[in-house]
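Q: Please give a close account of one residue position and its surroundings. Then relate that position to the packing of the rest of the chain.

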Amino acid sequence: MISNRWSDSDAEEFRAAAGDNPADRELALRVYSSRLIGQDPDLVMHGGGNTSVKLTRKDIFGNDIKVLHVKGSGWALDIIDAAGLPGVRLDPLLQLRSLDRLSDEDMVNIQRCNLLDSTSSNPSIETLLHAFLPHTYVDHTHSTAFLALANLPDAEAAMHEIFGDRMAFVPYIMPGFDLAKLAADIYDKNPAVEGLLLVHHGHFAFGDSAKASYEKIIEHSNRVESWLRDTLASAALTRPAISAAADILPLLRGKIGAASAAHSADRDVAMPVMDLRTGDAITGFLARPDITALAQRGVATPDHVIRTKRFPLHLTKDILAGGDDAIAGAVDDFVADYKAYFDRNRDRSAAAKTMITPTPGLVWIAGLGIVGIGADAKAAAIAADLGQQTLAVMTMGEASGGFRPLGEAALFEMEYWSLEQAKLGRKTPPALTGRVVLITGGAGAIGRATANAFAAMGANIFLVDRDQPVLEQTRSGLGAGHGGVALDITAAGAAENAVAECVNRFGGLDILISNAGAAWTGNMATVDDAVLRRSFELNFFFSRIRPLPKPPPPYLRRRAAVARSCSMFPNRR
């Protein structure tokens, strides 16, 4: 169940810090409750959901104007501040409701033209829906429980069973002007409702205060979760033997990277980064008897499709038993299926479409777990988080009548919608984005400087050092998304363990910096034998790379050769 974390004293601190302006103090409460929502992954994940507040402000002439402050594009609710809730003049937005049609381009333009600050980020795609609802505070979430409810075969009947007439049902329409008008019309038919269920999409709640709206979000979500858990089947699931990540992920990463390079016609395109999630709940889910059907069912909410594609790549027990060729073949089949899906749907739109990279964003691996895939560690973690939430949504939904998400045509429309694609950004990535760099002696002065240099160029860093506290300090100094393991690299099997840990964290290894070393001094004739042995063990014997458990595929051999050459010249300190 989701905890209500509202604190009157914390809320007052936000208000006090905003100064004496009444509108700014009210906006501060909007910031506070938005953060409470954003910091709970059971409510929103990675840009999902949005919040708003309607205020009265003075214009440059001193006239009172109504203003809608709504979450800006690119802002995350968990860390949002006042700048992340750009103000838009409300009256021009309300006039739009009288129109029969409004293009996405015109909608975005009108919203930008009515910003109080022209330098603000674009207001949310859902801005008009927030504007058309009359309440001071409006909250929109993608809670796990509500996504399960929103994807049931008869979501409306289930909603009425749970809420009676307290919740209104909104059929699926693409976000934007049409959805805003439909939702507002449905609300007007029963203005006593406390919220809206948007099928295949999520949940809206509202109130006259930040606290009232937030508490409705919590109460509604917990009510749905309680109903779902009452119907949740508790059938025992058998689990296949755990597969070794080191035997699967490097091959998978190489094959997906090769497919991406072929699509872009760039042989130097970076390998993807992987984020492995495992555990009894996940491997148990992947052992369900209906897992093959679920793998082809779809996403929990259309927003996920830009991160995870519509289906995961599903590596079954049979595929894993077939070895490297079968895994590589499964990737080829996924790419072919995606291209066929694109060809089937691209002609539905009047606007020309260019196919994005046809490789998977999420992998289900029997006996191992789920793997998020992205251009860097952050993107891979987002895909893994969304994949994990989808497993929970599927579990709840299947036990409560069925998980029946949005169909292919509507998903394609969302995946190739210009406003949705804009969330991914189009900035040129740093030169080493996607590269995985393992640095031994990573917590020392040279290792730390090396790590900082590679991280500044976009690489994903994996540190190896004996000193756990210093290693953690160094890793945190690099920023989020990096990894490491504390061990004595000279111990038997330590090198293999370090590489395996790196593979588990990122899916593979591109660059090895064999930096661990030490300079013990003394007279050659009198130096202690133990010191001499330690010096040779660390500075000579470890500098040789142990062979991999099995030969890498051809497209990985060039990188392996680079790693070996790097290891021949370890730094000495």
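**The surroundings of S213**

A: Apart from neighbours within four places in sequence, S213 is in contact with Y137, V138, D139, A205, F206 and G207, where contact means heavy atoms within 4.5 Å. The model is predicted, so local features need pLDDT of at least 70 and side-chain atom pairs count only at pLDDT 80 or more, while totals for chains, interfaces and linings use all residues. Residues are numbered from 1 along each chain as its sequence is written, and side-chain values use heavy atoms, with hydrogens and water left out.

S213 belongs to helix α9 (residues 210–231); helices (H or I, at least four residues) and strands (E, at least two) are DSSP runs, numbered from the N terminus. Because its relative accessible area is 0%, S213 is buried. Buried means under 20% relative accessible area, exposed over 50%, and partly exposed in between (1.4 Å probe, protein chains only).

A second buried position is G72, which also has a relative accessibility of 0%. G72 sits in the loop between β2 (64–70) and β3 (87–89). Beyond its neighbours within four places in sequence, G72 is in contact with G84, P86, S121, N122, P123 and S124. Of these partners, P86 is 14 residues away from G72 in sequence and 6.1 Å away in space, C-alpha to C-alpha.

The wider chain gives the setting for these two positions. The protein chain has 23 helices and 15 strands, and buried residues make up 52% of its 573 residues. Among contacts with a separation of 6 or more, 70% join residues 24 or more positions apart.

The largest nonpolar core, a set of buried Ala, Val, Leu, Ile, Met, Phe, Trp, Tyr and Cys residues joined through side-chain atoms within 4.5 Å, has 75 residues. L128, L196, L197 and W364 have the most contacts inside it. Helix α8 (residues 177–189) supplies the largest share of this core, seven residues. Another core, apart from it, has 23 residues, among them V31, Y32, L55 and L85.

V31 and Y32 also take part in a helix pairing: in α2, R25, E26, A28, L29, V31, Y32 and R35 meet D10, A11, E12, F14, R15 and A16 of α1. By class, this contact has seven nonpolar, no polar and six charged residues; Ala, Val, Leu, Ile, Met, Phe, Trp, Tyr, Cys and Pro count as nonpolar, Asp, Glu, Lys and Arg as charged, and the others, Gly among them, as polar. The axes of α1 (residues 8–17) and α2 (residues 22–38) come within 8 Å and cross at roughly 135°. Axes are lines fitted to C-alpha atoms, for helices over the stretch in contact, and angles run from 0 to 180 degrees between N-to-C directions.

Helix α15 (residues 323–345) takes part in a further pairing, with α17 (residues 408–415), at an angle of about 90° and with the axes 10 Å apart. Y338, Y341, F342, R344 and N345 of α15 meet E408, A409, L411, F412 and E415 of α17, a contact of six nonpolar, one polar and three charged residues. Helix α10 (residues 245–264) also packs with α15, at about 35° and with the axes 10 Å apart. That contact involves I248, L251, L252, K255, I256 and A259 of α10 and D324, I327, A328, V331, D332 and V335 of α15; nine of its residues are nonpolar, none polar and three charged.
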